[in-house]
Amino acid sequence: MDWTLLQYECVDSTNAVLKRMPEAAHGTVVCSQRQTAGRGRLGRSFASAEGGLYLSLLLKRPEPLDRLLHVTPMVAVAVRRAVFQACGLWLQIKWVNDLLMDGRKVCGILVETAPEGGIIIGIGINCNTRQFPPELEALAASLHERCEEVQREQLLTALLEQLQAMDEELISGKEPWLREYAEACVTIGRQVCLIGSGESREAFAEGIDENGGLLVRFEDGTRTVVTMGEASVRGLQGYV
Ligand code: BTN
């Protein structure tokens, strides 16, 4: 597939730009050097200063988003592979949509329904980000800390290549992607705190299911699958 790549210096949010383009075709990519209103999951904001790679991609898939819950984990794997290709670093994954370097977040992923059908995949990567808001300093990291001067264009090219492979394998070829996700996921094998609507509960994270849901076991031995959007998962030790 040929991507239609639209590059900007500054936008409010690349996801929002794509949402305002009802005529956009499958494979349209909006990429910006910074965002003034970057958005994260669960209504949070996403700090998007100069130096990062912020992009959104439209996939005109026929399936509704609730049948594509495994997309976010697959995108995490695509980012992880692309970062290795461009920087030689293997990032870790925190369920469900964060990529970590030395336990701090370098990338977040936000997948949303497109107004005219299909899905919008938003990815924000801190590549050469020199400054974070004070409240994020201990939690966020940038690739340049471990990889001298990240070539943003090289990373973008590697990422688009990986996303193309992901689009091709999204339905019938997802297993190897989810296996790789589980291997890199630092949430698995740890005590976590599930934060739902107003209440939180401790559990042990056992694995990932075929939709990228987190399989957890409670202290009383009962098990459940946590799907994204249902709960936020906080590691009990550090940012995992
Ligand atoms: C998260 O960490 O909760 C998800 C963050 C997703 C950020 C990306 S940056 C590009 C795209 N545009 C946005 O406004 N958000 C996503």
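Good morning. I begin with a charge over a ring: the charged end of Arg201 sits over the ring of Phe218, 3.6 Å from its centre. Please keep in mind throughout that this is a predicted model. A second arrangement of this kind involves Trp177, where Arg81 lies over the face of the ring, at 4.0 Å from the ring centre.

Let me turn to the aromatic pairs. A pair of aromatic rings is described by the distance of the centres and the angle of the planes. How many such pairs does a search of the whole structure find? The search returns two aromatic pairs.

One is made by Phe46 and Tyr54, with 6.5 Å centre to centre and 80° between the planes, an edge-to-face arrangement. Are these residues buried or exposed? Phe46 has a relative accessible area of 16%, and because the limit for buried is under 20%, Phe46 counts as buried. Tyr54 is also buried, its relative accessible area being 1%.

The other pair joins Phe84 and Trp90, and this one is stacked: the centres are 4.2 Å apart and the planes form an angle of 5°. Here the relative accessible area is 34% for Phe84, which is therefore partly exposed. Trp90, at 46%, is likewise partly exposed, since that class extends from the 20% limit up to 50%.

I now come to the ligand. Which residues come nearest among the 20 around the ligand? They are Ser13, Gln35, Arg39, Arg41 and Lys105. For three of these residues I can give a polar distance. The side chain of Lys105 places a polar atom 2.5 Å from an oxygen atom of the ligand. Arg39 contributes through its backbone, with an N or O atom 2.7 Å from a ligand oxygen. In the case of Gln35, an N or O atom of the side chain is 3.0 Å from a nitrogen atom of the ligand. As for coverage, the ligand on its own has 410 Å² of accessible area, and the protein covers 97% of this.

Which elements supply the shell around the ligand? At least two residues each are supplied by helix 1 (14-19), strand 3 (52-59), strand 6 (104-113) and strand 7 (119-126). Strand 6 gives the largest share, with four residues. By residue class, the shell divides into eleven polar, five nonpolar and four charged residues.

To close, I return to the ligand's surroundings: the protein covers 97% of its accessible area, and the polar class accounts for eleven residues of the shell. Thank you for your attention.

Definitions and conventions: Residues are numbered from 1 along each chain as its sequence is written. This is a predicted model: local features need pLDDT of at least 70, side-chain atom pairs count only at pLDDT 80 or more; totals for chains, interfaces and linings use all residues. Side-chain values use heavy atoms; hydrogens and water are left out. A residue is near a molecule or strand if one of its heavy atoms lies within 4 Å of it. A polar contact is a pair of N or O atoms within 3.5 Å; within protein, one must be able to donate a hydrogen and the other to accept it, and residues adjacent in sequence count only if both atoms are side-chain atoms. Accessible areas come from the Shrake-Rupley method with a 1.4 Å probe; for residues, only the protein chains shown count as cover. Ala, Val, Leu, Ile, Met, Phe, Trp, Tyr, Cys and Pro count as nonpolar, Asp, Glu, Lys and Arg as charged, and the others, Gly among them, as polar. Rings of Phe, Tyr and Trp (its six-membered ring) pair if their centres lie within 6.5 Å; planes under 30 degrees apart count as stacked, over 60 as edge-to-face and the rest as tilted. Buried means under 20% relative accessible area, exposed over 50%, partly exposed in between (1.4 Å probe, protein chains only). A charge sits over a ring if NZ of Lys or CZ of Arg is within 6 Å of the ring centre and within 35 degrees of the ring normal.
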